[in-house]
Amino acid sequence: MRVALIGSADFGKAALEAFLDRGDEVVAVFCPPDNPKSSKPEVLKEAALARGLTPLQFASLKGPEAAQAMIDSNADICVMAYVLQFVPQELVKIPKHGTIQYHPSLLPKYRGPSAINWAIALGEEKTGLTIFRPSDGLDEGEVILQKEVPIGPNDTLGKIYFDHLFPVGIKALMEAADLVVAGQHQEVVQDESKANYEGWFDANAAQIHWATHISQIYNLIRACNPAPGAWTKFGEQKIQIYDCHKHVAATFASVKGKPGEVTQITLDSFFVTCHGGQIEVLKAKGAAGKVTGAELAKELNIEVGQSFAL
């Protein structure tokens, strides 16, 4: 199979290596131009060079140069793996069997760039991935293949992505490519009545509001671990919270303190009250970087009875 790949970062690299390792011929690798503000080279670019391929780094994929490069590749299929640039229909339709794209949600649910974050933050018990035909609408094309992934009650963004959606996604891309090239696939139009779109899970979305319910706060922290990091403020110091436990208050008598109040500091952690219980902070990031909850409490002179900003 002659494969053209459009992608970036570690997922794009893994897709490239997976197709090559099983004996496919990767005839073109499109990746973003190098970022002049970053000292780190584009991962997919480096992977392509290491495998003897010349990466194609167009500032835009909408121009005639990109289209001509795709034509010259004579690809059977194009695979889009973590794509940051807009890819026009004129380009995706050039390969003999068109183009397929990966998205980490069960489309049409959670269209958009932060699908995994939102699913965890909103308390979903499952997510998944979709391989679909890219259209000019973001994540709106026909579905070819889907795989479900459970979200455990304590799973973080990092666990769901790196342990499940990343490796399963690479295999799904190869499976879908095989089906499409063999003419054995089906294309299902997305049900727009079940569709929703969310934007970036940014710093505003990642702010902890201690006056909300413990489950909402706990889901938010999981959804932001490892990025962008759920955050709060202690005085003027911004703190990002990563690993934590939730301790649900079963009775009125077991409720300690007011929302945002520090009620206990242990050898490894500290506890903050919210509606419905307490969040035990195990790992956080202050001015000195990532430390245990207890180390952060010492660093910032946090004491029992003091409060975080609501």
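This dialogue discusses the nonpolar cores and the largest pocket of a predicted model.

Colleague: How should the residue numbers and the side-chain values be read?

Modeller: Residues are numbered from 1 along each chain as its sequence is written, and side-chain values use heavy atoms, leaving out hydrogens and water. As the model is predicted, local features need pLDDT of at least 70 and side-chain atom pairs count only at pLDDT 80 or more, while totals for chains, interfaces and linings use all residues.

Colleague: Which residues touch the most other members of the largest nonpolar core?

Modeller: In soluble globular proteins, nonpolar side chains tend to be buried together. A nonpolar core is a set of buried Ala, Val, Leu, Ile, Met, Phe, Trp, Tyr and Cys residues joined through side-chain atoms within 4.5 Å; buried means under 20% relative accessible area (1.4 Å probe, protein chains only). Here the largest core has 74 residues, and those touching the most other members are Leu16, Ile100, Ile131, Leu173, Trp210, Ile279 and Phe308. Helix H6 (residues 157-181; a DSSP run of H or I, at least four residues) supplies the largest share of this core, 12 residues.

Colleague: Why does this core lie between domain 1 and domain 2?

Modeller: Domain bounds come from an automatic or database domain assignment. Because domain 1 (2-194) and domain 2 (207-309) both give residues to this core, it lies between them. Apart from it lies another core of 15 residues, including Ile6 and Phe30.

Colleague: What are the classes of the residues lining the largest pocket?

Modeller: The lining has 27 nonpolar, 9 polar and 3 charged residues, where Ala, Val, Leu, Ile, Met, Phe, Trp, Tyr, Cys and Pro count as nonpolar, Asp, Glu, Lys and Arg as charged, and the others, Gly among them, as polar. On a 1 Å grid over the protein atoms alone, a pocket is an open set of points where a 1.4 Å probe fits, with protein on both sides within 12 Å along at least five of seven lines, and lining residues have an atom within 4 Å of a point. H6 gives the most to this lining, with 5 residues.

Technical notes:
Buried < 20%, exposed > 50% of the residue type's maximum accessible area, 1.4 Å probe, protein only. Helix = DSSP H or I, 4+ residues; strand = E, 2+ residues; numbered from the N terminus.
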